[in-house]
Amino acid sequence: MAEITARLTLPATARRGEVVAVRVLVRHPMERAVDAPGLTPLPRRILHTFRVSYAGAEVFRASLSPGITANPYVEFTTVAVETGPMVFEWEEDGGATYRREATLTVA
Amino acid sequence: MRLAALLALLPCMALAQDIRPSRDYLAPELRAMQDAPSRHPGWLWVDEGEALWTRGAPSCASCHGDIAGMAGVAARYPAVAADGALLNLEGRIERCRTQHQHQPAFGYESEALLSLTTAIASRSRGLPVNVATTGPAAPFLDAGRRFYETRQGQLNLACGQCHDENAGRRLRGDVISNGLGTGYPAYRLEWNTLGSLHRRLRACSLGVRATQFPLGSAEYMALELYLASRANGLPIESPGLRR
């Protein structure tokens, strides 16, 4: 899996059972294959699936459509269970996948 | 004599007070987003620029050390180099790259140059603009002021007719600002990406149906200096967020 530029924002620490907000900003052109006079048509290349797993479970999943802006921003909440990695995975048109990790520290 | 000098200064002082930071003209939601690095896509370029800072041999860091040492540098550009050329931050980076790193230039508006410029400019965020306007910079400043004050294009407008006389009023869906370059390189929602001040100036020229000068041209370079002189003392906002 390839690296991708992303800003993953989690709280520095969380209490067990606390609802935490996770902010995800990812660098991607989200090429939506616009074909119009004067444009060179490019094949569609967007991040179509976004998945987040944490503490052995999938905590968030989204299907992204071609109407979504370049460099998409996603915010979701989850419950802090244990200190451990949160794994972010994106699937791109054409089969490429990207992966990033961030650690959630539970005091 | 002293009174006359003071009277001559008065209109300039009144004008200077009228120039407000670009962030004051942003919609509240955009201003909040500009202040939130976790939601502002421009910071993705800062991350990439900071990675570039330490890449290659010699890298930028080999001479300059940690990028934190670049605080305040962007506030001094555009500036006149030792050989008499007016350089903005992009031009300074390209010169470093060709003369000291012996690498081919990135090219204006290339992703690598935008990233490095944004990463360096972000280290001056919040610091006041402090460009030199006297000495070798004076003729460039005059050229920039002439450009700003000259009516141009089929619409026959000078920059100030929007950015001074009508600042704060609406033009189509946006509010007209004082036309400062302090937020650039900025992430512009219309572009769906981050771009340089010169790219924005080309859009301005197109807007009044005037000649669009090339990125990095002498005309826009002088104008950039004049805009920076108008912004002297106001905070750097780069990476800015614009509509």
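Which residue of β7(A) stands opposite A:E91? Let's start there and work through this predicted model one exercise at a time.

**Exercise 1. Follow the hairpin of β6(A) and β7(A), beginning with the residue that faces A:E91.**

Solution.
- Step 1: Find the partner. A:E91 stands opposite A:T97 in β7(A).
- Step 2: Look at the pairing. Strand β6 of chain A covers residues 84-92 and joins β7(A) in the antiparallel sense, over eight bridges.
- Step 3: Inspect the turn. Four residues lie between the two strands of this hairpin, and A:G94 takes a positive phi near 95°.

**Exercise 2. Place this hairpin in its sheet: what is the order of the four strands in the open sheet of chain A?**

Solution.
- Step 1: Write the order. The strands run β4-β3-β6-β7 in chain A, and the pairing is antiparallel.
- Step 2: Mark the edges. β4 (57-63) and β7 (97-104) of chain A are the edge strands, each pairing on one side only.
- Step 3: Add the twist, which averages 15° from one strand to the next.
- Step 4: Check the pair at the β4 end. Strand β3 of chain A, residues 47-54, pairs with β4(A) over six antiparallel bridges. Here A:Y54 stands opposite A:A57.

**Exercise 3. Describe the open sheet of three strands in chain B.**

Solution.
- Step 1: Set out the strands. The order is β6-β5-β7 in chain B, and the pairing is mixed.
- Step 2: Reason about the edges. β6 (193-195) and β7 (240-242) of chain B each have a single partner strand, so one side of each has no neighbour in the sheet.
- Step 3: Note the turn between neighbours. Ignoring direction, neighbouring strands are turned by 35° against each other on average.
- Step 4: Pick out the parallel pair. β5 of chain B (residues 186-188) and β7(B) pair in the parallel sense over three bridges, and B:Y187 stands opposite B:L241.
- Step 5: Add the helix. α9(B) lies across β5 and β6 of chain B, and runs at about 90° to β6(B).

**Exercise 4. Work out how α10(B) packs against α7(B) and against α9(B).**

Solution.
- Step 1: Take α7(B), residues 138-149. Its axis is 7 Å from that of α10(B), and the helices pack at an angle of about 90°.
- Step 2: Name the arrangement. Angles of 65 to 115 degrees count as roughly perpendicular, so α7(B) is roughly perpendicular to α10(B).
- Step 3: Find the residues that meet. Those of α7(B) include B:F140, B:L141 and B:F147, while those of α10(B) include B:Y220, B:L223 and B:Y226. By class, this contact has eleven nonpolar, two polar and four charged residues.
- Step 4: Turn to α9(B), residues 197-207. The axes of α9(B) and α10(B) come within 11 Å and cross at roughly 100°. These two helices are therefore roughly perpendicular to each other as well.
- Step 5: List the contact. α9(B) brings B:L197, B:H198, B:L201, B:R202 and B:S205, and α10(B) brings B:Y220, B:M221, B:L223, B:E224 and B:L227. Six of these residues are nonpolar, two polar and two charged.

**Exercise 5. How many cavities of 30 Å³ or more does the structure hold, and what lines them?**

Solution.
- Step 1: Count them. There are two.
- Step 2: Begin with the largest cavity, of about 270 Å³. Of its 20 lining residues, B:A74, B:Y77, B:G181, B:Y184 and B:E224 lie nearest the centre. α10(B) gives the most to this lining, with three residues. The classes are 14 nonpolar, four polar and two charged.
- Step 3: Move to the second largest cavity, of about 30 Å³. A:V24, A:V26, A:F50, A:L64, A:P72, A:V74 and A:W90 line this space, giving seven nonpolar residues, no polar and no charged.

**Exercise 6. Which helix gives the most to the lining of the largest pocket?**

Solution.
- Step 1: Size the pocket. Its volume is about 1,400 Å³.
- Step 2: Locate the centre. Among the 44 lining residues, B:H163, B:L171, B:R188, B:R200 and B:C204 are the closest to it.
- Step 3: Identify the helix. α9(B) gives the most, with eight residues.
- Step 4: Sort the lining by class. The residues divide into 26 nonpolar, ten polar and eight charged.

How values were computed. Residues numbered from 1 in each chain as written. Chains lettered and ligands numbered in written order. Predicted model: local features only at pLDDT ≥ 70, side-chain atom pairs only at ≥ 80, totals over all residues. Heavy atoms only, no water. 1 Å grid on protein atoms, 1.4 Å probe; cavity = no way out; pocket = protein on both sides within 12 Å on 5 of 7 lines; lining within 4 Å. Points joined across faces, edges and corners; volume = space filled by probe spheres on them. Nonpolar A, V, L, I, M, F, W, Y, C, P; charged D, E, K, R; others polar. Pairing = 2+ DSSP bridges. Axes fitted to C-alpha atoms, helices over the stretch in contact; angles between N-to-C directions. Parallel < 35°, antiparallel > 145°, perpendicular 65-115°, else oblique. Contact = heavy atoms within 4.5 Å.
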